[in-house]
Amino acid sequence: MSWALDAGHAAQRSWTLDEAFVVALARTIRDTEAVFHGFASPCAQVAMHVAKRTHAPDCLLIEGATYAVDPVPVFVPPTGNDLALHRDAVYRMRFEEFFDAACRGAVDRMFLSGGQIDGYGSTNVTAIGGMPHPKIKLGGGGGGGNISASIGALTVWTSRHRAGRTLVADLDFLTDLGHRTREGSRAELGYTGGGPQWLVTELGAFDFDGDGHARLRALWPDVDVDDVAAATGFELRVALDGADGLLDPPSPAELAAVRAVDPLGVRRSEFAEVELARTPGLSGVAR
Amino acid sequence: MSFHLGGDKRASLAEAAARVGDGALVALGGGLCARLPMALVREMVRQGRRDLHLVGSAHSIDVDLLIAAGAVGVCEESYVGFEQDLGLAPAFRRAARDGSVEVRESCCATVLAQLRAAEAGVPFLPVRGIKGTDVEGLHPEYARMTCPFTGEELVVVPPLRPDVALLHAPLGDAHGNLHLDQPFVLDERFAHASVAVVATVDRIVPTAELVGAGVVVPGHLVAAVAEVPYGAHPSSCYPGYAYDRPHLAAYLAAATAGGTALDEYLARYVHVDEDTYAKDVDPERLAAWSGSTRAWQELFR
C-alpha cells in the first residue's frame, strides 16, 4: 500500500487519527463473527457499527450494555445503556442470555481495553497501585474476568499508549485474561477462548506470536519504532509487515460510516488532545 | 425464601426505604446510568443508613452517592464509574484509597452465577473464568473444585442472597407487579434471588393496564412499592426521561471537591423531600428526547 494519495482522493486525506483508529478496530472484525464490546468503550462501540455498515454486514453485533442484537443506533450517546443505541432493535438479549453465550463460546470476538495492558494482552481495569490499597481505583472489570477466558478472540486496544504508563511489563492487578497469567498459559489454565489476537494503539498495531506475546506489526504513518519503544514497558518484539492492512488509510465508505454513526464525536473522549490534532493521512503525501 | 403474599403493597418512600436495615446486603437495580433506584438511595441517606454491603454489576451515581454519604461498608459491584463521559467515580475512588469502604470487586458473570445458586437453592455453582485473575484473590469465599465429570479445575462460588433488591420501574400496580423495559440488566435475577424487592415506580396504574404493558417482576416477589415520579433521576428511565448530564456533572464536581461542595450538594438535593427535589431539577426537560433526533442529541452535549 502507499500513503501517497492522488488529487482525486484529496477528501480521503482529511481524516484524523481518531477516525482511522476506529476504522482499524473495525477491520479486526470478520463478517461471520458474533461481536461484543464492553461499556465505557466508545471507540470499540463505533468500530462495531462501522464494520456492520462496511465489510461485515452479516456479523452479529451485540450492542454493549444494552445487549441489543444488530440495532441501528439513532446516534452513539456518551453513556452505554441508553435507548439511543437500541430504540428500534428487533431483539434484545437478556443480560444472562449474553453472558451464557459468551461463557459457552458462542461469542467470537470482544473488544477489551485497560488502564494497564501487559505483553500477553492481559489487562488491569481495577486499580493502579493494586488492591487493597489502590493509588487510583479504576472503574472495574464488568464481565471481563469470566468472558475473556471463553470468547473466541479478543481485540485489545488502547488510545493511551504514548504516555508510557499503559503498556507495562507487570500489571498492578490482573482483571482480564490475556495469553498468560502468573499461573501459566491459557492452555494450562484450561481456557477455551483464543485470547488476544490484536493489540491496536494510537501508535501502531501488534499481533501475538507463538509465545502469546505482543509483536509490533504496523505503525501509523506519523510514528516510528523509536516512538513505540519509548512508550512500551514490555519487551518490544518487532515484525513490521503492515499487519494485513489494518492501519491503511480509511476508505471513503469507512469514513462516512464513522461520521454517520458517531455525530457527537463520542469516540474523541478516549484520546489526549495531542492525538486528536493528528492528521496522519497528510504525513506521507508528496506536496 | 418465601413469597410476599397479601394485597396492597403500596408504601411511602420513607416506609419503603425503612425496610433496608443498617448493614444489609443490598442489590441495586438498573445498570450504568439507567433506571437506578435513586429516590430510594436518597431516602436511605436521609434516614442515615450505615454499613450497607452493595452487590451488583456496573453502576454509577447510585453507589457513588451512597459512599459519599458514608452509608457503605462493602462494595461488591463489578464496575463503579461514569464511563468515558464523566470518568472515574470520585467518592468510590477516594474510599478505596483510604480504606473506608472495603472493595471486593466482582465480575458480572460471577454475580449472575451466585444469584442463580440462590434462586435454585444450591450451595454453589462453577464459573467459566476468574481462575488466574487477581479478582479471585479479593474473594476468600470462592473456592476451586475439580469437576467430577471432566476433571477440569474450576472456580466455584457460593449463593448470593441479598436482603433486599432495590428496583425502579416506570410502571407498577398496587400489588407490586412491575413493568420494566429492556435491558432488564440483573433486575429479574435480583428479584428472584433476594429476600424481598422494594420498588419505586414513576407511576402506579391499574392492574389491567400493567398487564397490557407486560409484568416483568411479579408482585409476589415484592414487599413494598412506592410511587415516586422521576424516582430514577438523574439516571434515565425511558420513555419518561433521559440521562441528566448537567446534573451528573454537578454531582461529579461536588463529590470530587468533597467538603463544603459535597455538603451543599447533599443539602440541596438529598436532604429535601422528593417533591422539592423534582421541582429543583426540572426533569420535564429530559422528556425532550422524543421530540426529534436533534433534541435528543442536545441532551448529551
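# Asking why: a guided tour of a predicted model

Visitor: Which residues does B:Ser78 touch, leaving out those up to four places away in sequence?

Guide: B:Ser78 touches four residues of chain A, namely A:Gly139, A:Gly140, A:Gly141 and A:Gly142. From chain B, the partners are B:Gly56, B:Ser57, B:Ala58, B:Glu105, B:Ser106, B:Cys107 and B:Cys108. Please keep in mind that we are looking at a predicted model. B:Ser78 belongs to strand β3 of chain B, which covers residues 72-82.

Visitor: Why is B:Ser78 called buried?

Guide: Let's set the value against the cut-off. A residue counts as buried under 20% relative accessible area. B:Ser78 has 0%, so it is buried.

Visitor: How confident is the prediction for chain A?

Guide: Chain A averages a pLDDT of 94, and 94% of the residues score at least 70. Residues 1-8 of chain A stay under 50, although the model has 13 contacts for them beyond four places in sequence. Where pLDDT is low, the predicted coordinates should not be read in detail.

Visitor: On to chain B, then. What makes α3(B) largely enclosed by the rest of the structure?

Guide: Eight of the eight residues of α3(B) are buried, and that is why the helix is described as largely enclosed. The buried residues are B:Ile61, B:Asp62, B:Val63, B:Asp64, B:Leu65, B:Leu66, B:Ile67 and B:Ala68. Just after this helix, B:Gly70 takes a positive phi of about 80 degrees.

Visitor: Why are α3(B) and α5(B) called oblique to each other?

Guide: Helix α3 (residues 61-68) and helix α5 (residues 90-98) of chain B pack at an angle of about 55 degrees, with their axes 7 Å apart. Roughly parallel requires an angle under 35 degrees, and roughly perpendicular starts at 65. The two helices are therefore oblique. The crossing of α3(B) past α5(B) is left-handed.

Visitor: Which residues meet where α3(B) packs on α5(B)?

Guide: B:Asp64, B:Ile67 and B:Ala68 come from α3(B), and they meet B:Pro90, B:Ala91, B:Phe92 and B:Ala95 of α5(B). By class, the residues of this contact are six nonpolar, no polar and one charged.

Visitor: And how do you know whether α4(A) and α6(B) are roughly parallel or roughly perpendicular?

Guide: The axes of helix α4 (residues 95-104) of chain A and helix α6 (residues 108-120) of chain B cross at roughly 110 degrees and come within 10 Å. Angles from 65 to 115 degrees count as roughly perpendicular. The pair therefore earns the label roughly perpendicular, and the crossing is left-handed. On the α4(A) side, the contact is made by A:Phe95, A:Glu96, A:Phe99, A:Asp100 and A:Cys103, and on the α6(B) side by B:Cys108, B:Ala109, B:Leu112 and B:Arg116. Those residues divide into six nonpolar, no polar and three charged.

Visitor: What classes of residue make up the contact of α2(A) with α3(A)?

Guide: Helix α2 (residues 17-27) and helix α3 (residues 42-53) of chain A pack at about 65 degrees, with their axes 8 Å apart. α2(A) passes α3(A) in a right-handed crossing. A:Phe21, A:Val22, A:Leu25 and A:Ala26 of α2(A) are in contact with the α3(A) residues A:Cys43, A:Ala44, A:Val46, A:Ala47, A:Val50 and A:Ala51. That contact has ten nonpolar, no polar and no charged residues.

Visitor: Loops next! What makes B:Cys237 a buried residue?

Guide: B:Cys237 sits in the loop between β12 (222-227) and α9 (245-257) of chain B. The relative accessible area of B:Cys237 is 2%, so it is buried, given the cut-off of 20%. Beyond four places in sequence, B:Cys237 is in contact with B:Arg35, B:His168, B:Pro170, B:Asp202 and B:Ala232. The loop between β12 and α9 also holds B:Pro234, and the peptide bond from B:His233 to B:Pro234 is cis, with omega near 10 degrees.

Visitor: What is special about phi in B:Arg35?

Guide: B:Arg35 has a positive phi of about 55 degrees although it is not a glycine. B:Arg35 lies in the loop between β1 and α2 of chain B. At 7% relative accessibility, it counts as buried. In the loop between β1 and α2 you can also find B:Leu32, with a positive phi near 50 degrees. B:Leu32 has 3% relative accessibility, so it too counts as buried.

Definitions and conventions:
Residues are numbered from 1 along each chain as its sequence is written. Chains are lettered from A and ligands numbered from 1 in the order in which they are written. This is a predicted model: local features need pLDDT of at least 70, side-chain atom pairs count only at pLDDT 80 or more; totals for chains, interfaces and linings use all residues. Side-chain values use heavy atoms; hydrogens and water are left out. Axes are lines fitted to C-alpha atoms, for helices over the stretch in contact, and angles run from 0 to 180 degrees between N-to-C directions. Helices (H or I, at least four residues) and strands (E, at least two) are DSSP runs, numbered from the N terminus. Angles under 35 degrees count as roughly parallel, over 145 as roughly antiparallel, 65 to 115 as roughly perpendicular and the rest as oblique. A crossing is left-handed if the near helix is turned anticlockwise from the far one by less than a right angle, and right-handed if clockwise. Contact means heavy atoms within 4.5 Å. Ala, Val, Leu, Ile, Met, Phe, Trp, Tyr, Cys and Pro count as nonpolar, Asp, Glu, Lys and Arg as charged, and the others, Gly among them, as polar. pLDDT is the predictor's confidence in each residue, from 0 to 100. Buried means under 20% relative accessible area, exposed over 50%, partly exposed in between (1.4 Å probe, protein chains only).
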